[in-house]
Amino acid sequence: MDRAFNQLIERQIRKAIAEGQLDSPEGAGKPLPDRSGMAHVDMATQVAARIMAEAGALPEEFKLKKLLEAAKATWCAAESEEARHVAMALIADLEQRYAIAVEARRKFMAP
């Protein structure tokens, strides 16, 4: 089975080369994107996240992480104690929602 599968892959690659599909692939000549921030995430989750991002559909967890980073920047830039208090309340809410989203994904992906 392994050998047959490898032969199928080789045929598909040769066909793509013959048809010129690999002459100028998307991103050719550009450096690979920096994905060092995903180093602690398992490979399946990385691939799924990349495919979803390329399709324009990010999971709730990723949207919350971006909002959380923005809220932390707002807290750092806050000038008054009241503004910091409001920003900290937002950070606490976003951290809780982020943790729930992460746990939901882990439960969904668990075998």
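**View 1. Three helices share the lining of the second largest pocket.** In this predicted model, α2 (43-54), α3 and α4 each put at least two residues into the lining of the second largest pocket. The biggest giver is α2, with four residues. Look for Thr45, Ala48, Ala49 and Met52, then Pro59, Glu60, Glu61 and Phe62, and finally Ala101, Arg105 and Met109: together they line the second largest pocket. By character, this lining splits into seven nonpolar residues, three charged and one polar. How much space lies in the second largest pocket? About 190 Å³.

**View 2. Helix α3 has a buried side and a face turned away from it.** Start with the length of α3, which runs over residues 60-77. With 18 residues at 1.5 Å a residue, α3 should span 26 Å, and its end C-alpha atoms are indeed 26 Å apart, so the two values agree. Now pick out the buried residues of α3: Glu61, Leu64, Leu68 and Ala71. They sit on the same side of α3, because the arc they cover around the axis is only 75°. Turn to the face that points away from that buried side, and you'll meet the exposed residues Lys66, Cys76 and Ala77. Glu61 is worth a second glance, since it is buried in α3 and also belongs to the lining of the second largest pocket.

**View 3. Helices α3 and α4 pack against each other.** What do the buried residues of α3 pack against? Their partner is α4 (81-109), and the buried residues of α4 pack against α3 in return. On the α4 side, the buried residues are Ala87, Ile91, Leu94, Ala101 and Val102. One of them, Ala101, turns up again in the lining of the second largest pocket. As for length, α4 has 29 residues and reaches 42 Å from its first C-alpha to its last, close to the 42 Å expected at 1.5 Å a residue.

**View 4. Leu22 sits in the loop between α1 and α2.** Here we move to the stretch that links α1 (2-18) to α2, where Leu22 lies. Is Leu22 partly exposed or buried? Its relative accessibility is 47%, so Leu22 counts as partly exposed. Leaving aside residues up to four places away in sequence, Leu22 touches Ile13, Ala16 and Ile17. For a sense of distance, take Thr74, which is 52 residues from Leu22 along the chain: the C-alpha atoms of the two are separated by 45 Å.

Note on methods. Residues are numbered from 1 along each chain as its sequence is written. This is a predicted model: local features need pLDDT of at least 70, side-chain atom pairs count only at pLDDT 80 or more; totals for chains, interfaces and linings use all residues. Side-chain values use heavy atoms; hydrogens and water are left out. The expected span of a helix is 1.5 Å times one less than its number of residues. Buried means under 20% relative accessible area, exposed over 50%, partly exposed in between (1.4 Å probe, protein chains only). The arc is that of the directions from the helix axis to the C-beta atoms. Contact means heavy atoms within 4.5 Å. On a 1 Å grid over the protein atoms alone, a cavity is a set of points where a 1.4 Å probe fits but cannot get out, and a pocket is an open set with protein on both sides within 12 Å along at least five of seven lines; lining residues have an atom within 4 Å of a point. Grid points are joined across faces, edges and corners, and a volume is the space filled by probe spheres set on the points. Ala, Val, Leu, Ile, Met, Phe, Trp, Tyr, Cys and Pro count as nonpolar, Asp, Glu, Lys and Arg as charged, and the others, Gly among them, as polar.
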